[in-house]
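Let's take a quick walk through this one, a stop at a time. Have a look at the fold before reading on.

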Amino acid sequence: MNRVITMLATTLLCCCCATVHYRPYRFDNGDDYIQDGMYRIVDNRGRIGYADEKGKPVIKPRFAFGFPFKNGKAKVTDKGKSKEATGSRGEYHYWESDEWYYIDKNGNKVE
């Protein structure tokens, strides 16, 4: 009986660990909006990716920051710093980077 319980617990643990869960990016005190059929998701390290309207990850989180999709493209960066907007008393922040680029809905770099 103990062997069966151990095997069941091991199987459940392996299945749970193999499943990757991302959370929606938080924006305007709520989950990110769907724009151009996609919304931003975040992994446990804070990296940004994108999911479709059904919640299926399309581009796994790998960016330091990314803007929503618009006209089939999203502006992203691999490096940057979050900075507080002057006079916002910590309420508003923006990302500063010298290495922005655009990706398509497959995560490929585009012009």
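Which residues lie nearest the centre of the largest pocket? Keep in mind that this is a predicted model. The residues in question are F27, D28, E91, Y92 and H93, and they belong to a lining of 13 residues.

That pocket has a volume of about 480 Å³. Two strands, β2 (26-27) and β10 (93-96), each supply at least two residues of its lining. The largest share comes from β10, with three residues. Sorted by class, the lining of the largest pocket has seven nonpolar residues, three polar ones and three charged ones.

Now for a single residue, S82. You'll find S82 in strand β9, which covers residues 81-84. Is S82 buried or exposed, or somewhere in between? S82 has a relative accessible area of 44%, so it counts as partly exposed. If you set aside its neighbours within four places in sequence, S82 is in contact with H93, Y94 and W95. H93 is a name we've met already, as one of the residues nearest the centre of the largest pocket. E96 is worth a glance too: S82 and E96 are 14 residues apart in sequence, and their C-alpha atoms are 6.4 Å apart in space.

Next come the strand pairs. Here are two of them side by side.

| Strand pair | Sense | Bridges | Residues standing opposite |
|---|---|---|---|
| β5 (residues 48-52) and β6 (residues 57-63) | antiparallel | three bridges | Y50 and I59 |
| β11 (residues 100-103) and β12 | antiparallel | two bridges | Y102 and V110 |

What sits between β5 and β6 in their hairpin? Four residues lie between the two strands, and in this hairpin G55 takes a positive phi near 95°.

The β11 and β12 pair belongs to something with more members. In what order do the strands of the open sheet run? There are four strands, in the order β7-β8-β11-β12, and the pairing is antiparallel. Why do β7 and β12 each have one side without a neighbour in the sheet? β7 (65-66) and β12 (109-110) stand at the edges and each has a single partner strand, so one side of each is left without a neighbour there. Looking back at β12, its residue V110 is the one that Y102 stands opposite.

To finish, go back to the pocket and trace its lining once more, starting from β10, the strand that gives the largest share. From H93, you can then step across to S82, since these two residues are in contact.

How values were computed. Residues are numbered from 1 along each chain as its sequence is written. This is a predicted model: local features need pLDDT of at least 70, side-chain atom pairs count only at pLDDT 80 or more; totals for chains, interfaces and linings use all residues. Side-chain values use heavy atoms; hydrogens and water are left out. Buried means under 20% relative accessible area, exposed over 50%, partly exposed in between (1.4 Å probe, protein chains only). Contact means heavy atoms within 4.5 Å. Two strands pair if DSSP finds at least two bridges between them. On a 1 Å grid over the protein atoms alone, a cavity is a set of points where a 1.4 Å probe fits but cannot get out, and a pocket is an open set with protein on both sides within 12 Å along at least five of seven lines; lining residues have an atom within 4 Å of a point. Grid points are joined across faces, edges and corners, and a volume is the space filled by probe spheres set on the points. Ala, Val, Leu, Ile, Met, Phe, Trp, Tyr, Cys and Pro count as nonpolar, Asp, Glu, Lys and Arg as charged, and the others, Gly among them, as polar.
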